[in-house]
Amino acid sequence: MKLGMFMMPIHPPGRDIRATLREDREAVLLADRLGYSEAYVGEHVTDAAENITSSMIFLASLAAETKQIKLGTGTINIPNSHPAAVAAQAAMLDHLLDGRFIMGISPGGLMSDAEVFGNFGANRNEMFVEGIDTVLKIWASEPPYDIEGKYWKVSVAKTMIPEIGQGFIMKPLQKPHPLIVGTAVAPHSQGVTEMAKRGWQPISANFLMPEWVKSHWPKYVEGREAVGAQASPAEWRVAKSIFVADDAATARRYGHSADGPYHFYFKQLIRKLVGAGGRGNLFKTDPDMPNEAITPEYVTQKLVIAGTVDTVVEQLLSFRAQVGDFGTLLYACHDWLDPALGQRSMQLMAEEVMPRLNAAIGKT
């Protein structure tokens, strides 16, 4: 099993934006030094708690300073941008990263972003499909393009000057295009099946109950088999909120109590997904459970793996036994309320937890 990281960078509103951006950059740079295989970074435009407004701009700032880690958008919210802009910017980023780019895409989940970009209430799933299909058509064709859909038109027929290169949209370095991944949130997600049919790979979100994470694998198998392909667990990424400490008391305080950043993260997320988004089903396995019972304390205890190296290994083995085999464990990064503890957790995860975890998996 490989180790990567996924950053949905939620910080307390009011923190200095420069400080949070430096912290988020340092987390990726540390992951690179520690040998993490991949790092994904999210984006939102209208959220004071999430200060990365463009995942591609953020990743571009890391291109020259990272050595081996693959960097992914987590995700580009396709309905919020013109496909020609997405195609050109993603292609340039792939070149800047010398082919270390992974393209994470989604319809976008923050409704205030949808409103500010004018697609709140629109069929955003339909816009998402048309948008990414247009990006792929741009990369697969030559100008003048003449791609017309319901929401966007791409053409340079009136203005191209072929002999000087005017009208050409950059293509990515990786051929035919970078690996495409999508974050899976819904239980029994049909979106996972559709991704699999297209050769895209899923990331199961870190804020899902294990029962719902487990439901993604058969949907992925269904999609691969529908196109005559075989699904491999190596293609499945699972994100998980994890905190590793040198002692159990620190793990409990920082990882599970109201004094820690994990509790803050889920408090924010519950307000967005349950209070405003009507997605309480993500946090419960009993449909009769009232939404009022979905508290940060309840969710943190259910979804955060926290402990010493030994106990974290045990918890991850139990989690894997419950959800099934998968290829990459994505360590979910949270606010570094205590930078030393945040960095130490990432170090212990890479240097001690993963070797023991993989040794135990090998024995079974």
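## Basis of the assignment

Helices, designated H or I and at least four residues in length, and strands, designated E and at least two, are DSSP runs numbered from the N terminus. The structure described here is a predicted model.

## Helix α11 and T300

Helix α11 covers residues 296-303, and T300 lies within this element. Is T300 buried or exposed? The threshold for a buried residue is under 20% relative accessible area; T300 has a relative accessibility of 0% and therefore counts as buried.

Leaving aside residues up to four places away in sequence, the contacts of T300 are G255, H256, Y262, H263 and F266.

## Helix α3 and its packing

Helix α3 comprises 14 residues, from 83 to 96. The distance from its first C-alpha to its last is 20 Å, close to the 20 Å expected at 1.5 Å a residue.

Which residues of α3 are buried? They are P83, A84, V86, A87, A90, A91, L93 and D94. An α-helix has 3.6 residues a turn, so residues three or four places apart point the same way. The buried residues of α3 pack against two helices, α2 (55-60) and α5 (124-140), and against two strands, β4 (76-77) and β5 (101-106).

Just after α3, the backbone at D98 adopts a positive phi of about 55°.

## Cis peptide bonds

Most residues other than glycine have a negative phi, and most peptide bonds are trans. Against that background, two cis peptide bonds merit description.

The bond from G74 to T75 is cis, with omega near 20°. T75 belongs to the loop that connects β3 (70-73) with β4, and β4 is also among the elements against which the buried residues of α3 pack.

The bond from K175 to P176 is likewise cis, and its omega is near 0°. P176 is situated in the loop between β7 (153-154) and β8 (180-184).

## Positive phi values in loops

Y145 is a residue other than glycine with a positive phi, near 70°. This residue is located in the loop between α5 and β6 (147-148). Y145 is buried, because its relative accessible area is 10%, whereas the limit for that class is under 20%. Helix α5, which precedes this loop, also receives the packing of buried residues from α3.

H188, which is not a glycine, has a positive phi of about 50°. The loop that holds H188 runs between β8 and α6 (190-197). Strand β8 also borders the loop in which P176 is placed.

Methods:
Residues are numbered from 1 along each chain as its sequence is written. This is a predicted model: local features need pLDDT of at least 70, side-chain atom pairs count only at pLDDT 80 or more; totals for chains, interfaces and linings use all residues. Side-chain values use heavy atoms; hydrogens and water are left out. The expected span of a helix is 1.5 Å times one less than its number of residues. Buried means under 20% relative accessible area, exposed over 50%, partly exposed in between (1.4 Å probe, protein chains only). Contact means heavy atoms within 4.5 Å.
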